[in-house]
Structure formats: C-alpha cells, structure tokens
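Student: I have a model open at the bench and would like to read it with you. Could we go through it step by step?

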Amino acid sequence: MDHGGSEPSSSGLRGRDLLGLGGLLVGAVVGGLVIGLLVDQAAGTSPLFVLVGIALGIVAGGVAFWARVRAALRD
C-alpha cells in the first residue's frame with residue numbers, strides 16, 4: 001500500500017476517534033453513577049451503590065477504551 005500521496009493514512013487514531021474515546025469513558029462513569037443512584041433510592045441505601053456503580057463504570061470504560069485502542073492500532 002502506497003502512503004506517499006497527498007491523502008492521509010487511514011491507520012491510527014484521529015481526532016474524532018480520541019473524542020469518541022473520551023465520550024466512552026465519561027458515559028461509562030456517568031452511567032454507573034446514575035444506575036447506582038437509582039438502586040440506592042430503591043433500596044434505601046446511600047452511598048453504597050453509587051460507589052459500586054462508579055467503580056464498575058470506571059472498569060467498564062477502561063476495558064472498552066482498551067479494546068477500541070487495540071482495534072484501532074491493529075488496522
């Protein structure tokens with residue numbers, strides 16, 4: 001494959017990819033927070049499930065981040 005023209009290479013991470021990764025991380029943490037708040041309200045506990053939801057959101061976001069970056073670097 002010839003990369004010597006005026007067209008940019010399609011491999012690697014671009015700006016929009018990086019914005020998507022940031023949104024993925026924020027969405028996972030906020031999603032965990034909201035689910036934790038809802039469970040806390042239903043169960044009458046506080047802040048147990050909020051903290052669990054945030055922790056699970058961080059883990060889920062990290063795993064998804066890693067998978068997307070790994071897939072992008074393979075291409």
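Tutor: Gladly! One definition helps us start: helices here are DSSP runs of H or I with at least four residues, numbered from the N terminus. With that in hand, Pro47 is found in the loop between α1 and α2. Please keep in mind that this is a predicted model.

Student: How many helices and strands are there in the chain?

Tutor: The two helices can be placed by their residues. Helix α1 covers residues 15–43, and helix α2 covers residues 48–74. The count for the chain is two helices and zero strands.

Student: What distance separates the end C-alpha atoms of helix α2?

Tutor: Let's start from the expected value. Helix α2 has 27 residues, and at 1.5 Å a residue they should span 39 Å. The model agrees with that, because the end C-alpha atoms of α2 are separated by 39 Å.

Student: And how far does α1 reach from its first C-alpha to its last?

Tutor: α1 has 29 residues, for which 42 Å is expected at 1.5 Å a residue. The reach in the model is close to that expectation, at 42 Å.

Student: Are α1 and α2 roughly parallel or roughly antiparallel?

Tutor: Two packed helices are described by the angle between their axes and the distance between the axes. Here α1 and α2 have axes 7 Å apart and pack at about 155 degrees. Angles over 145 degrees count as roughly antiparallel, so α1 is, relative to α2, roughly antiparallel.

Student: Which helix do the buried residues of α1 pack against?

Tutor: First, the residues themselves: Leu21, Ala28, Gly32, Gly36 and Asp40 are buried in α1. On the other helix, Val50, Gly53, Gly57, Gly61, Val69 and Ala72 are buried, and their cover includes α1. In turn, the buried residues of α1 pack against α2.

Student: Does Val69 count as buried or exposed?

Tutor: Val69 lies in helix α2 and touches Leu13 and Leu21, leaving aside residues up to four places away in sequence. Its C-alpha is also 9.3 Å from that of Leu18, although the two are 51 residues apart in sequence. The cut-off for buried is under 20% relative accessible area. Val69 has 17% relative accessibility, so Val69 counts as buried.

Student: Then how does Val39 count?

Tutor: Val39 lies in helix α1. The C-alpha atoms of Val39 and Val50 are 8.1 Å apart, with these positions 11 residues apart along the chain. Partly exposed falls between the 20% and 50% cut-offs. Because Val39 has 33% relative accessibility, the residue counts as partly exposed.

Student: Which residues does the cis peptide bond join?

Tutor: Most residues other than glycine have a negative phi, and most peptide bonds are trans. Just after α1, Gly44 takes a positive phi of about 75 degrees. The cis peptide bond has an omega of about -10 degrees, and the residues it joins are Ser46 and Pro47.

Student: Finally, what share of the residues in the chain is buried?

Tutor: The accessible surface of the chain is about 5500 Å², and carbon and sulfur atoms account for 69% of that area. Of the 75 residues in the chain, the buried share is 15%.

Definitions and conventions
Residues numbered from 1 in each chain as written. Predicted model: local features only at pLDDT ≥ 70, side-chain atom pairs only at ≥ 80, totals over all residues. Heavy atoms only, no water. Buried < 20%, exposed > 50% of the residue type's maximum accessible area, 1.4 Å probe, protein only. Areas by Shrake-Rupley, 256 points an atom, 1.4 Å probe, with all protein chains shown as cover. Expected span 1.5 Å × (residues − 1). Contact = heavy atoms within 4.5 Å. Axes fitted to C-alpha atoms, helices over the stretch in contact; angles between N-to-C directions. Parallel < 35°, antiparallel > 145°, perpendicular 65-115°, else oblique.
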